[in-house]
Amino acid sequence: MPDPVLTHALLALASGVLIGLSLGLIGGGGSILAVPLLLYVVGVASPHVAIGTGALAVAANAAMSLALHARARTVKWPCAIVFAGAGVFGAALGAQLGKAVGGEILLALFGGVMILVGAAMFLRRGEGGDPAVHLDRGSAPRLLPPLAGTGFLVGGLSGFFGIGGGFLIVPGLVTATSMPLLNAIGSSLVSVTVFGLTTATSYAFSGLVDWRSAGLLILGGLAGPAAGLGLARRLSGSRQALSVLFAAIVISTGLYIVWTGMDALATLI
């Protein structure tokens, strides 16, 4: 008979690999993968504990992916820092509100948001973006308001849903600055790291983090980011491939989450 402790460790490590791969490839999907994996594969009993644990693991794995994207020079640092700085306040507020809502309802609602975001990104897939966009004194009057406003809103949604928020941050950065998708993916990891840590801290103070499972997910995540970044860079050479892939993953994942959460949504109707 398999050792349950060893089985738990192997499943958590494998889950971490998938999370790291997703973060390196599309700058998001870590928490959306982490929460179902923790609940249905690793065996965490509570949705809220899965959210808190996933947020911590995703923040750490996002930091690893960020280091790789920084070496590849795909991060627009001034834009990323302003977006994350505004978003951390929204994330702290959203996390407090999210803990008061049932975990199943949170997941189902976020699935609906993902479908809308994916559809919007799919409609924008033909836009190449402006590789030269940069936040400085000259562009600040034009870029600061949308960066700060969008960052606060996305941070609030990230904290409320208990996610790193890459699926929302990437479109938010593209909308606010018109930067190319590959740059938005790299830059989003600053916010994913910060928002995830903010959410995880809030949940940890409420005793809603499984530290052992988080450590195993982080360890497994070491294997994923480099492969994800390499694939993202290859796909970005095709004008629309990376954007279409991003939108398709967001929409399909959102549909799955809504489907699995139909009972929870029914309680709101």
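**View 1. Ser-178, in the loop between helices H7 and H8, counts as partly exposed in this predicted model.** With a relative accessibility of 37%, Ser-178 falls in the partly exposed class, because that class lies between the cut-offs of 20% for buried and 50% for exposed. The loop that holds Ser-178 runs between helix H7 (166-177) and helix H8. The backbone of Ser-178 has a positive phi of about 65°, although this residue is not a glycine.

**View 2. Arg-73 is an exposed residue in the loop between helices H3 and H4.** Helix H3 covers residues 47-71, and Arg-73 is found in the loop between this helix and H4. Arg-73 has a relative accessible area of 74%, and it therefore counts as exposed, the class that begins over 50%. Phi of Arg-73 is near 60°, which is a positive value in a residue other than glycine.

**View 3. Asn-183 is a buried residue of helix H8.** Helix H8 spans residues 181-205, and Asn-183 has its place within that stretch. Its relative accessibility is 14%, so Asn-183 counts as buried, a class that takes in residues under 20%. When neighbours within four places in sequence are left aside, Asn-183 is in contact with Arg-73, Thr-74 and Lys-76. One of these partners, Arg-73, is the loop residue of the view before, and Arg-73 is itself exposed.

**View 4. Four residues make a nonpolar patch on the surface.** The patch is made by Phe-89, Leu-93, Leu-97 and Phe-152, and its area is about 440 Å². Helix H4, which covers residues 77-98, gives the most to this patch, with three residues. Leu-93 has its place in helix H4, and Leu-93 counts as partly exposed because its relative accessibility is 48%, a value that lies between 20% and 50%.

**View 5. Val-113 of helix H5 touches Phe-161 and Leu-168.** Val-113 lies in helix H5, which is made of residues 103-123, and its relative accessibility of 22% places Val-113 in the partly exposed class. Residues up to four places away in sequence are not counted in the contacts of Val-113 with Phe-161 and Leu-168. How far apart are Val-113 and Leu-168 in sequence and in space? They are 55 residues apart in sequence, while their C-alpha atoms are 8.8 Å apart in space.

**View 6. Helix H6 spans residues 140-161 and has a series of buried residues.** This helix has 22 residues and reaches 30 Å from its first C-alpha to its last, which is close to the 32 Å expected at 1.5 Å a residue. Among the buried residues of H6 are Ala-140, Leu-143, Leu-147, Gly-151 and Val-154. Phe-161, a contact of Val-113, is also buried in H6.

**View 7. The whole chain has twelve helices and zero strands.** Of its 269 residues, 53% count as buried. The chain exposes about 11400 Å², of which carbon and sulfur atoms supply 70%. Among contacts between residues at least 6 apart in sequence, 84% join residues that are at least 24 apart. The chain averages a pLDDT of 81, and 84% of the residues score at least 70. Which elements of the chain have the lowest and the highest mean pLDDT? Helix H12 (residues 262-266) has the lowest, at 59, whereas helix H9 (residues 211-221) has the highest, at 91.

Notes
Residues numbered from 1 in each chain as written. Predicted model: local features only at pLDDT ≥ 70, side-chain atom pairs only at ≥ 80, totals over all residues. Heavy atoms only, no water. Helix = DSSP H or I, 4+ residues; strand = E, 2+ residues; numbered from the N terminus. Buried < 20%, exposed > 50% of the residue type's maximum accessible area, 1.4 Å probe, protein only. Contact = heavy atoms within 4.5 Å. Patch = residues over 30% accessible without salt bridge, like charges linked within 9 Å, V, L, I, M, F, W, Y side chains within 5 Å. Areas by Shrake-Rupley, 256 points an atom, 1.4 Å probe, with all protein chains shown as cover. Salt bridge = Lys/Arg side-chain N within 4 Å of Asp/Glu carboxyl O. pLDDT = per-residue confidence, 0-100. Expected span 1.5 Å × (residues − 1).
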